[in-house]
Amino acid sequence: MRAVKSKLEAQGALNAAGKQEWTIKNLLSILSNEKYCGDALLQKTFIQDCISKKVIRNNGQLPKYLVQDHHEGIVSRDIFYAAQLEMARRRAQTGGTSKSAPTGRSKYSGKYILTNLMFCGHCGTGYRRCVWNKGGIKRAVWRCGSRLDYGAKYCKHSETLEEKPLQQAILNAINSVMDNRDALEAHLVSAMEQELAPISGESMSLADIDRMLEELEKQFNSLLAEASAAGGTEDYAERFRMISNTMADLKEHKARIKQAYQENEQVRQRLQAASMAMSAYSAELTEWDQSVVYQLVEKVTVLAKDRIKVTLRDGTEVEQEIEQVDWRNVS
């Protein structure tokens, strides 16, 4: 965010207020605003009451309604979803110092992408970059955060990896998958079809449930009017209870379906992002490019001093050997 802020200000770009000074809050608001892809989320806020007319942010007190294709967007929905996934991915990382993070991870690092991707296969702690100076030779290495902070107290078997051979091993793992692009694309399409399939065992749609709830509400109101005209509700108590219980069951059923749809949509967006990233880099990677690696790789797990496991964004896992360097022969 700071890099984007600096770039916009250097370009003299104006914000919504017509000023050249941007804030992180401005940028996050733009990146998370569905209006840019042509959608509109209704009832984000509501008026508390007609007397105070105080505007309250809707944090679940009332339902929200997403209207897709409400207007012409200026970015594609795929790009918008990819941005939401990336922001969620970065938020998942613990902020603060490495020692305050239970997994040894600090906040998102744009300088060294492997800080966000690489983990110890023994204790699960994130790896961090160090520079060693031995015999006048400076060497960039990656070490388990737990070993750096606590020695061998919690992690006794983590490995220290040389940066250059490590980077080459990651590139080799990516290239091995790129060579089998047809099978990879078939895997992505199959995964998308599976996740977008109708929810197993469901015979009612959300619209069906809404229609049933509307009909039950009419029955409830009609019964209430009938009971009031009769001068009491005691004789109608059982019928009231049955309608209320049925409505409660339907609402719970509706919530389960919506949750399942939401989970499916999140998986679909993740797979789409993986497909976009894969298709953007069809050629073999010969040089380390942090932005490209970050788009393609989900996680790197250190298995041994000479072996890592690279997990790509689509879930494909590749175990790769690391070529060892004999520093005694390096001048």
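These exercises walk through a predicted model of one protein chain, each with a worked solution.

**Exercise 1. Overview**

Task: Find how many helices and strands the chain has, and what share of its residues is buried.

Solution:
- Step 1. Count the elements. The chain has 10 helices and 11 strands.
- Step 2. Turn to burial. Of the 331 residues, 33% count as buried.
- Step 3. Look at the surface. The chain exposes about 20,800 Å², and carbon and sulfur atoms supply 51% of that area.
- Step 4. Check the contacts. Take those with a separation of 6 or more: residues 24 or more positions apart account for 50% of them.

**Exercise 2. A nonpolar surface patch**

Task: State which residues form the nonpolar patch on the surface, and which helix gives the largest share.

Solution:
- Step 1. Name the members. They are Met1, Val4, Ile24, Leu28 and Leu31.
- Step 2. Give the area. Together these residues have about 340 Å² of accessible area.
- Step 3. Find the main contributor. Helix 2, residues 24–31, supplies 3 residues, the largest share.
- Step 4. Place Val4. This residue is found in helix 1, residues 2–11.
- Step 5. Classify Val4. Its relative accessible area is 40%. Partly exposed covers values between the 20% and 50% cut-offs, so Val4 is partly exposed.

**Exercise 3. A buried valine**

Task: Decide whether Val300 is buried or exposed, and list what Val300 touches.

Solution:
- Step 1. Locate Val300. It lies in strand 9, residues 297–304.
- Step 2. Apply the cut-off. Buried means under 20% relative accessible area. Val300 has 1%, so Val300 is buried.
- Step 3. List the contacts. Leave out residues up to four places away in sequence. Val300 then touches Leu117, Met118, Phe119, Ile170, Ile308 and Lys309.
- Step 4. Pick one partner. Ile170 is 130 residues from Val300 along the chain, yet their C-alpha atoms are separated by 8.2 Å.
- Step 5. Check that partner. Ile170 is one of the buried residues of helix 6.

**Exercise 4. A three-stranded sheet**

Task: Work out the order of strands 6, 7 and 8, and which strands stand at the edges.

Solution:
- Step 1. Recall the principle. Strands of a sheet pair through backbone hydrogen bonds, either parallel or antiparallel.
- Step 2. Read the order. The 3 strands form an open sheet, 6-7-8, with antiparallel pairing.
- Step 3. Find the edges. Strand 6 (127–134) and strand 8 (161–162) each have a single partner strand, so one side of each is left without a neighbour in the sheet.
- Step 4. Look at one pairing. Strand 6 and strand 7 (residues 137–144) are joined by 8 bridges.
- Step 5. Pick a pair of residues. Val131 stands opposite Ala140 in strand 7.

**Exercise 5. Salt bridges**

Task: Say how many salt bridges there are, and which parts of the chain Lys44–Glu34, Asp149–Arg128 and Glu163–Arg129 tie together.

Solution:
- Step 1. Recall the principle. Side chains of opposite charge can pair when their charged atoms come close.
- Step 2. Count. With nitrogen and oxygen within 4 Å as the cut-off, there are 12 salt bridges.
- Step 3. Take Lys44 and Glu34. Their closest N and O atoms are 3.2 Å apart. Lys44 lies in the loop between strand 1 (40–42) and strand 2 (45–47), and Glu34 in the loop between helix 2 and strand 1, so the pair ties together parts 10 residues apart in sequence.
- Step 4. Compare exposure. Lys44 is partly exposed at 29%, whereas Glu34 is buried at 8%.
- Step 5. Take Asp149 and Arg128. Their closest N and O atoms are 3.0 Å apart. Asp149 is in helix 5 (residues 145–150) and Arg128 in strand 6, so parts 21 residues apart in sequence are tied together. Both residues are buried.
- Step 6. Take Glu163 and Arg129. Here the closest N and O atoms are 2.6 Å apart. Glu163 is in helix 6 (residues 163–178) and Arg129 in strand 6, so this pair ties together parts 34 residues apart in sequence.
- Step 7. Look for a network. Salt bridges with shared partners join Glu34, Lys35 and Lys44 into one.

**Exercise 6. An enclosed helix**

Task: Compare the reach of helix 6 with the expected value, and explain why helix 6 counts as largely enclosed.

Solution:
- Step 1. Take the reach. Helix 6 has 16 residues and spans 23 Å from its first C-alpha to its last.
- Step 2. Compare. That is close to the 22 Å expected at 1.5 Å a residue.
- Step 3. Count buried residues. In helix 6, 12 of the 16 are buried, so the helix is largely enclosed by the rest of the structure.
- Step 4. Name some. Among them are Glu163, Leu166, Ile174 and Met178.

Notes
Residues numbered from 1 in each chain as written. Predicted model: local features only at pLDDT ≥ 70, side-chain atom pairs only at ≥ 80, totals over all residues. Heavy atoms only, no water. Patch = residues over 30% accessible without salt bridge, like charges linked within 9 Å, V, L, I, M, F, W, Y side chains within 5 Å. Areas by Shrake-Rupley, 256 points an atom, 1.4 Å probe, with all protein chains shown as cover. Salt bridge = Lys/Arg side-chain N within 4 Å of Asp/Glu carboxyl O. Helix = DSSP H or I, 4+ residues; strand = E, 2+ residues; numbered from the N terminus. Buried < 20%, exposed > 50% of the residue type's maximum accessible area, 1.4 Å probe, protein only. Contact = heavy atoms within 4.5 Å. Pairing = 2+ DSSP bridges. Expected span 1.5 Å × (residues − 1).
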